[in-house]
Amino acid sequence: GFKMGIVGLPNVGKSTLFNALTRTAAAQAANFPFCTIEPNVGEVAVPDPRLEKLAEIAGSRQIIPTRMTFVDIAGLVRGASKGEGLGNQFLANIRECDAIAHVLRCFEDGDITHVEGRIDPVADAETIETELMLADLESIERRRANLARKLKGADKDAADQDRLLALAQAALNEGKPARTIQIAADDLRQWQLLQLLTSKPVLYVCNVEESKAAEGNSQSARVAEMAAKQGAASVVISARIEEEISQLPDDEAAMFLEEMGLHEAGLDRLIRAGYQLLGLQTYFTIGPKEARAWTITKGTLAPQAAGVIHGDFEKGFIRAETIAYDDYIAGRGEAGAKEAGKFRVEGKTYEVKDGDVLHFLFNG
Ligand code: GDP
């Protein structure tokens, strides 16, 4: 599955947000730096109103949304790359994530200590980014030294790795995170395998006070401006409100949202933003037993999309029967879509589109 790491300085609201996301008290929120010591992992359903509509038409007995994993990563403080705070243990946790949700404190509250003694989310973002850049530089130096031996032979992989590491090193030495480098399509796989901390896509999560959850505040506006400059994404959220909403039954939650002037839960926006950041999309399998959503990366071909369900589906792939989401809705189901000539049979080279309703045929 796809993993998003939640990072940020202590006391910015990471655990509160994580609790809301996973509706558990697993990560205990407390007004005390370093209270979440173990990396906390939680799975969340990716909200998608299309799935309910499809299930209704097909009369599916069960609805199974697709899921995304969030990891609450504590321990990032100034000096972390030099072993301050919880030291280096969090770096491995970040390395394993596909993207980073960087929580920034945009709320004022005299009762909640800020580790730097002032509210400045842009400076906080730089503090964390600096630590990640230093950690990357250190690991690059170590890895290039290890690669030096292999480079004497004719190891193509080692040469590629070293070339890419050198690129990253040059950028980092200029104060630029690795994600700012344009990587050629041929190099992308090798690049991702390097797992550099600053190569991961970033979503800034502005945690604002409850009264500003809808429109954000002046601090979150500054973060949005910074994100735009970096080609990163940002969302405004009130972790406190999300925590309250996550404890309410669905109908009460909807009323609460309306009262706050919000159209949807901030968590839904956050999850969707993460999904987009990771370049993910959804296809559906729809039947009377269940309506189910599946996650693939953009550009995935039909056999590999089938492989998400089961390895055998990919190995024995014959063809995919396909109806686009809009056509399925317009035809009020498979039969109607067929009558309208919208039922397609696609082969091994078909690139699955977001919202496709698929049925795979395979040798098994
Ligand atoms: P973490 O160290 O980043 O995981 O931060 P926590 O989630 O433990 O939050 C630290 C403290 O800030 C807790 O007492 C939270 O209740 C509080 N907090 C989190 N979000 C907000 C918010 O939006 N407004 C206010 N006033 N307090 C918040």
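Let's start with residues 279–362. Their end C-alpha atoms sit 27 Å apart. The span is 27% helix and 37% strand. Keep in mind that this is a predicted model. Why pick that span? The UniProt record, an unreviewed entry, puts the feature "domain: TGS" at residues 279–362.

Now some strand pairing in that part of the chain. Take β10, residues 317–323. It is joined to β12, residues 357–362, by six bridges. Those two strands run antiparallel. To find the register, look at Phe 317, which has Phe 362 of β12 opposite. β10 also pairs with β11, residues 344–346. That pairing is antiparallel too, over three bridges. Here the register residue is Glu 321, with Val 345 of β11 opposite.

Next, the open sheet. It has six strands, and the order is β2-β4-β1-β5-β6-β7. The pairing is mixed. Which strands stand at the edges? They are β2, at 40–45, and β7, at 233–237. Each has a single partner strand, so one side of each has no neighbour in the sheet. On average, neighbouring strands here are turned by 25° against each other, ignoring direction.

Zoom in on one pair in that sheet. β5 covers residues 99–105, and β6 covers residues 202–207. They run parallel, with six bridges between them. For a register, His 102 has Tyr 204 in β6 as its bridge partner. Which helix packs on the sheet here? That is α7, residues 218–230. It touches β5, β6 and β7. The direction of α7 makes about 165° with that of β7.

α7 has a helix contact as well. The other helix is α4, residues 121–152. The two axes come within 8 Å and cross at roughly 45°. That makes α4 oblique to α7. From α4, the contact takes Pro 121, Val 122 and Ala 125. From α7, it takes Gln 219, Arg 222, Val 223 and Met 226. By class, that is five nonpolar, one polar and one charged.

Stay with α4 and turn to α5, residues 156–173. Their axes are 9 Å apart, and the packing angle is about 150°. Parallel or antiparallel? Angles over 145 degrees count as roughly antiparallel, and α4 and α5 are therefore roughly antiparallel to each other. Their crossing is left-handed. The α4 side of the contact includes Met 133, Leu 137, Ile 140, Leu 147 and Leu 151. Arg 143, Arg 144 and Lys 150 are also among the α4 residues. On the α5 side, the residues include Ala 158, Asp 162, Leu 165, Gln 169 and Leu 172. What is the class split of this contact? Ten nonpolar, two polar and five charged.

Last pair: α1 and α8. α1 spans residues 14–22, and α8 spans residues 239–246. They pack at about 30°, with axes 8 Å apart. Angles under 35 degrees count as roughly parallel, so α1 and α8 are roughly parallel to each other. This crossing is left-handed. α1 contributes Thr 16, Leu 17, Asn 19 and Ala 20. α8 contributes Ala 239, Arg 240, Glu 242, Glu 243 and Ser 246. The split is three nonpolar, three polar and three charged.

To recap the helix pairs. α4 is oblique to α7. α4 and α5 are roughly antiparallel. α1 and α8 are roughly parallel. And α7 is the helix to look at on the sheet, where it touches β5, β6 and β7.

Note on methods:
Residues are numbered from 1 along each chain as its sequence is written. This is a predicted model: local features need pLDDT of at least 70, side-chain atom pairs count only at pLDDT 80 or more; totals for chains, interfaces and linings use all residues. Two strands pair if DSSP finds at least two bridges between them. Helices (H or I, at least four residues) and strands (E, at least two) are DSSP runs, numbered from the N terminus. Axes are lines fitted to C-alpha atoms, for helices over the stretch in contact, and angles run from 0 to 180 degrees between N-to-C directions. Two residues are in contact if their C-beta atoms, placed from the backbone, lie within 7 Å. UniProt positions are given in the numbering used here, feature names are shortened, and annotations may be inferred rather than shown by experiment. Angles under 35 degrees count as roughly parallel, over 145 as roughly antiparallel, 65 to 115 as roughly perpendicular and the rest as oblique. A crossing is left-handed if the near helix is turned anticlockwise from the far one by less than a right angle, and right-handed if clockwise. Ala, Val, Leu, Ile, Met, Phe, Trp, Tyr, Cys and Pro count as nonpolar, Asp, Glu, Lys and Arg as charged, and the others, Gly among them, as polar.
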